[in-house]
2 protein chains.
Amino acid sequence: MTTTAALAVPTASAGFERTTIERREVGPHDVLFDVAFCGICHSDIHQARNEWAEGIFPMVPGHEVAGTVTAVGDQVTKFAVGDRVGVGCFVDSCRECDNCLAGEEQYCLKGEVATYNGRHYDGTETYGGYSKQLVVHEDYTLRIPEGISLEEAAPLLCAGITTYSPLRHWGAGPGKTVAVVGMGGLGHLGVKIAVSMGAEVTVLSQSLKKEEDGRRLGASHYYATEDRQTFRDLRSSFDLILNTVAANLPLDRYLSLLRLDGAMVNVGIPSDPDTFRVMALAGMRRSLSGSKIGGIRETQEMLDFCAEHGIGAEVEVLAPEPRVVDEAYERVVASDVRYRFVIDLGALEA
Amino acid sequence: MTTTAALAVPTASAGFERTTIERREVGPHDVLFDVAFCGICHSDIHQARNEWAEGIFPMVPGHEVAGTVTAVGDQVTKFAVGDRVGVGCFVDSCRECDNCLAGEEQYCLKGEVATYNGRHYDGTETYGGYSKQLVVHEDYTLRIPEGISLEEAAPLLCAGITTYSPLRHWGAGPGKTVAVVGMGGLGHLGVKIAVSMGAEVTVLSQSLKKEEDGRRLGASHYYATEDRQTFRDLRSSFDLILNTVAANLPLDRYLSLLRLDGAMVNVGIPSDPDTFRVMALAGMRRSLSGSKIGGIRETQEMLDFCAEHGIGAEVEVLAPEPRVVDEAYERVVASDVRYRFVIDLGALEA
């Protein structure tokens, strides 16, 4: 066991504190790395505040982790000391179910092991990337290619793959019209990735406040959804709508923007149920779908794709101080970040 | 113009009456045929009772029409006198939009012309198949192959294509597990067709009352949805759920029965909105979709497929008498028909 510094919430109602946690010994297939940066995902906040079920406290959040390898187990073949690596939303899966065998470990039928606020199959708690060091099995470790800085890479491990995977699965590319709903941490990466895939990209944001950013990221069109005219102008326009917003939207209105056989894919999870009319689907053979992060193979593909196309997250780097992270959480809740916070764990005192 | 006998409802609150209607002159591309049988679709009842918007009265329902050609226009090339023909839910479309050009006229962007309770593009009302004769453009006329009787063929023109098209579109076939929800007019054809496509078919019906029928039609499994254990036993089992029920179902429970990438396709249109949780989709990349009848080319393909596989509707033949049709409507509403009523229009006095 190794003791390492971390930022943790001791209970759901408390702010962050500096603490230490234990990391397991580096096993034969394990990779130990120094965390350089960890992104703040909105789901960190839900879990740290116990807004979803069964939080495990104290909690060290963080599943957008990037750093540099400092030790590897004696049977590790994929990584060496000094390699730039990342870890996303899960650190293990059953490896035996149909979905794991298909490389879709994020849909593991036994339940994949979450990077934090989860339990390994032996029952021990998992602690995430708001820490100085992490030990992960090499099969669940990603390689961060040269050409992306570690701070820009970190958010790709969740926000990047969450948008890349459905864009790939639903065929975003040349000749396809893609709308990205929401210009936040996920949305801004969805725009960059869809543009790089060759699709014609439209941003549907509540207002036009971020239009300049959206166009800089490559969007061809930018519409405000607070303007009802938007829904008249764009009727039956899109092959794919990637909805990154975690609030309940008037789905029938968005569905009307899809062409024949178009799909609206939701990657934000509202806390309340959603409502729609079957006719909004059947009238044009549309689909409502959802997608959850991506498998290990596809996450590596996404990182390589982003490196090739010069895609990183737009980040604001935070000092690794409890008060700073508390304030950042408030700003994420208020949508006051362009576009992702990353914590500089390299600066956390050991 | 030709005067022909018909069964009509004069107003939304009235029962059927025997009446006469005018059919247009046979144009150069038109087919005139004697109606032999017309199926009673549940949507006939909604429209005759004006439960949907803007009914045109008097109304002659019927869009599951089968009969024999008695005259053709001088430029007709596809049909000759004596041919066995059918007409489904629409009798014209714009022929110019992307969807029409793709052979998906049922999704015509201008709006296809409904076989009844609709208007031709020149504004004249359409009257359906509860009548002695029909005149239809040859491009919207289907050929009924030898080997299916006209009474068994009639319901294929709506109920058959409504189930065939999504089964084909979502890849029902060998190695695929398909659940058909509801064992009514649509469902019983969905079972026959999915079985003939080579899929492993499960019926999900409210009770086990029709289990014997379901197995006779080829279903491998039959479960009652009133039994909550069904949803535990069948978790993550199906590639495709074809929902033929027009009532609001607890969708999350049904979605949990889908495997990774599975789709639940709705062909019944509930009058109230439906509710679901995004997590029920995103947790296994599932889809909720809807589908509406099928295009002319696919409807012909469906008829040929049914003839090849010996598939017809299971029908109860009704005398063409107003009182009899009124009673049949009550029985359809009470789900008291195995499995489709067809009216014997051949017996209607001219």
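Me: Hi! By what turn and shift can chain A be laid on chain B?
Reply: A turn of 180° and a shift of 0.0 Å along the axis lay chain A on chain B, with an RMSD of 0.0 Å (superposed by least squares on the C-alpha atoms of residues with pLDDT of at least 70 in both). That is the relation of a two-fold axis. This is a predicted model, where local features need pLDDT of at least 70. Residues are numbered from 1 along each chain as its sequence is written.

Me: Why do the copies meet through the same surface?
Reply: Because 97% of the interface residues of chain A are also interface residues in chain B.

Me: Switching to helices, at what angle do H4(A) and H5(A) pack?
Reply: Helix H4 (residues 159-169) and helix H5 (residues 185-196) of chain A pack at about 45°, with axes 8 Å apart. Helices here are DSSP runs (H or I, at least four residues), and axes are lines fitted to C-alpha atoms over the stretch in contact, with angles from 0 to 180 degrees between N-to-C directions.

Me: Which residues of H4(A) and H5(A) meet?
Reply: Among them are Tyr164(A) and Leu167(A) in H4(A), and Leu189(A) and Ile193(A) in H5(A); contact means heavy atoms within 4.5 Å.

Me: And how do H4(A) and H10(A) cross?
Reply: The axes of H4(A) and helix H10 (residues 296-308) of chain A come within 10 Å and cross at roughly 100°. H4(A) and H10(A) are therefore roughly perpendicular to each other (65 to 115 degrees counts as that).

Me: Which H4(A) residues meet H10(A)?
Reply: Gly160(A), Ile161(A), Tyr164(A), Ser165(A) and Arg168(A) do.

Note on methods:
Chains lettered and ligands numbered in written order. Predicted model: local features only at pLDDT ≥ 70, side-chain atom pairs only at ≥ 80, totals over all residues. Heavy atoms only, no water. Helix = DSSP H or I, 4+ residues; strand = E, 2+ residues; numbered from the N terminus. Parallel < 35°, antiparallel > 145°, perpendicular 65-115°, else oblique.
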